[in-house]
Amino acid sequence: MHIKIGTRRSKLALWQAYYVEELLQRGGIETEIVIIETKGDKILDRSLSKIGSKGVFTEELEDQLRSGGIDIAVHSAKDLQSQLDDAFEIVAFTEREQANDVLVSHDTTLSLKSGESFTVGTSSTRRVAVLKHYYPHIKTVDMRGNLQTRLRKLEEGQCDALLLAYAGVHRMEYDDKIAEHLLLDEFTPAVGQGSVAIECAVLLNAEKKSKLRELLNHEPTETCLLAERAFLKRLQGGCSIPVFGMATLHDEEIRMTGGIISLDGTELIRKAESGGHAFPQELGTALAEELLAAGADRILASIKQQNGSL
């Protein structure tokens, strides 16, 4: 069996592709890496919210899935839109890395809690809004590009620190630059953060699909991410919307926290739900409905009005 693996070109995307490749090769599968450039990689002079929230890092990969140029596309699960085209499906989620955000700097004495004012670089509307809510003394600057590009901008003095996902920092072996591990209670991550999602065409050979699930899928992670993605889908959240959500598995129970925050950080709504592990999507949807009833619908409408059509 031969599997063609589609990936973006960044070092972190390639790490994910090689990680998937290694798992497949251990199972006796022949592999081939195919590098594809996406819209999100090409357009670096605008924030993600200005480019549009759907398929920024996935559209070109999906074109290759559709044509058969690749068998699977490897994504950071947090970059994958909540609703896929009917022609595609997620065949596996890899085991989740530690999911929290971290503050990264050459000055590892920096702390958001110090009360000191400094400038943080991030392209995430969620992180900007959370900073405005909990740490209004912190200044932010939009910081697009892959991890190495952002670190170069940090080196050039465009900001004092970066806000990033621990998973990417750890996988690129920049742990020595972590100034602070941020609390999940404040910086609840983006849906899917820390896991790698494996996407394929619905029409992919059934034998290949079965082997991919056997060798790549981590069921506890999948259960949690099914809940999170159902939550995001109901809220119609994309990378332009500061929505957050994380599910964890405790024996037979899923516990999930999720919420939304206004762009200016003034209004934050957070709710929690728990339920049986057999019905993750129902739990995620129920949590989203609870948020909408508590005022998330009003915040969403305001954000969409501010950003234009998303």
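This passage describes helix α6, the second largest pocket and selected salt bridges in a predicted model.

Helix α6 spans residues 147-155, and seven of its nine residues are buried, so the helix is largely enclosed by the rest of the structure. The buried positions are L147, Q148, T149, R150, L151, K153 and L154. These residues pack against two helices, α1 (11-26) and α7 (166-171), and against two strands, β5 (101-104) and β8 (161-165). The N-terminal end of α6 is capped by N146, which places a side-chain oxygen 3.1 Å from the backbone nitrogen of Q148. Q148 is itself among the buried residues of the helix. Just after α6, the backbone at G157 adopts a positive phi of about 90°.

The second largest pocket has a volume of about 300 Å³. Its lining consists of S82, Q83, L84, E89, I90, F93, E222, L226, R229, A230, K233 and Q281. Helix α9 (219-235) provides five of these residues, the largest share of the lining. Strand β4 (88-93) and α9 each supply at least two lining residues. By residue class, the lining comprises five nonpolar, three polar and four charged residues.

The structure holds 16 salt bridges. Side chains of opposite charge can pair when their charged atoms come close. One of the salt bridges involves E89, a residue that also lines the second largest pocket, and joins E89 to K209 with the closest N and O atoms 2.5 Å apart. This pair links distant parts of the chain, with K209 in helix α8 (residues 206-216) and E89 in strand β4, 120 residues apart. The two partners are not alike in exposure: K209 has a relative accessible area of 17% and is buried, whereas E89, at 25% relative accessibility, counts as partly exposed. The cut-off for a buried residue is under 20% relative accessible area, and values from there up to 50% are classed as partly exposed.

A further salt bridge is formed by the side chains of E289 and R234, with an N to O distance of 2.7 Å. E289 belongs to helix α10 (residues 280-307) and R234 to helix α9, so this pair ties together parts that lie 55 residues apart in sequence. Helix α9 is also the element that contributes five residues to the lining of the second largest pocket. E289 is partly exposed, with a relative accessible area of 36%, and R234 is likewise partly exposed, at 34%.

Helix α10 also contains R298. R298 forms a salt bridge with E267, in which the closest N and O atoms are 2.8 Å apart. E267 is located in the loop between β12 (253-261) and β13 (268-276), so the contact ties helix α10 to this loop across 31 residues in sequence. R298 counts as partly exposed at 47% relative accessibility, and E267 counts as partly exposed at 28%. In addition to these pairs, R8, K78 and D79 are joined into one network by salt bridges that share partners.

Methods. Residues are numbered from 1 along each chain as its sequence is written. This is a predicted model: local features need pLDDT of at least 70, side-chain atom pairs count only at pLDDT 80 or more; totals for chains, interfaces and linings use all residues. Side-chain values use heavy atoms; hydrogens and water are left out. Buried means under 20% relative accessible area, exposed over 50%, partly exposed in between (1.4 Å probe, protein chains only). Helices (H or I, at least four residues) and strands (E, at least two) are DSSP runs, numbered from the N terminus. Contact means heavy atoms within 4.5 Å. A polar contact is a pair of N or O atoms within 3.5 Å; within protein, one must be able to donate a hydrogen and the other to accept it, and residues adjacent in sequence count only if both atoms are side-chain atoms. On a 1 Å grid over the protein atoms alone, a cavity is a set of points where a 1.4 Å probe fits but cannot get out, and a pocket is an open set with protein on both sides within 12 Å along at least five of seven lines; lining residues have an atom within 4 Å of a point. Grid points are joined across faces, edges and corners, and a volume is the space filled by probe spheres set on the points. Ala, Val, Leu, Ile, Met, Phe, Trp, Tyr, Cys and Pro count as nonpolar, Asp, Glu, Lys and Arg as charged, and the others, Gly among them, as polar. A salt bridge is a side-chain nitrogen of Lys or Arg within 4 Å of a carboxyl oxygen of Asp or Glu.
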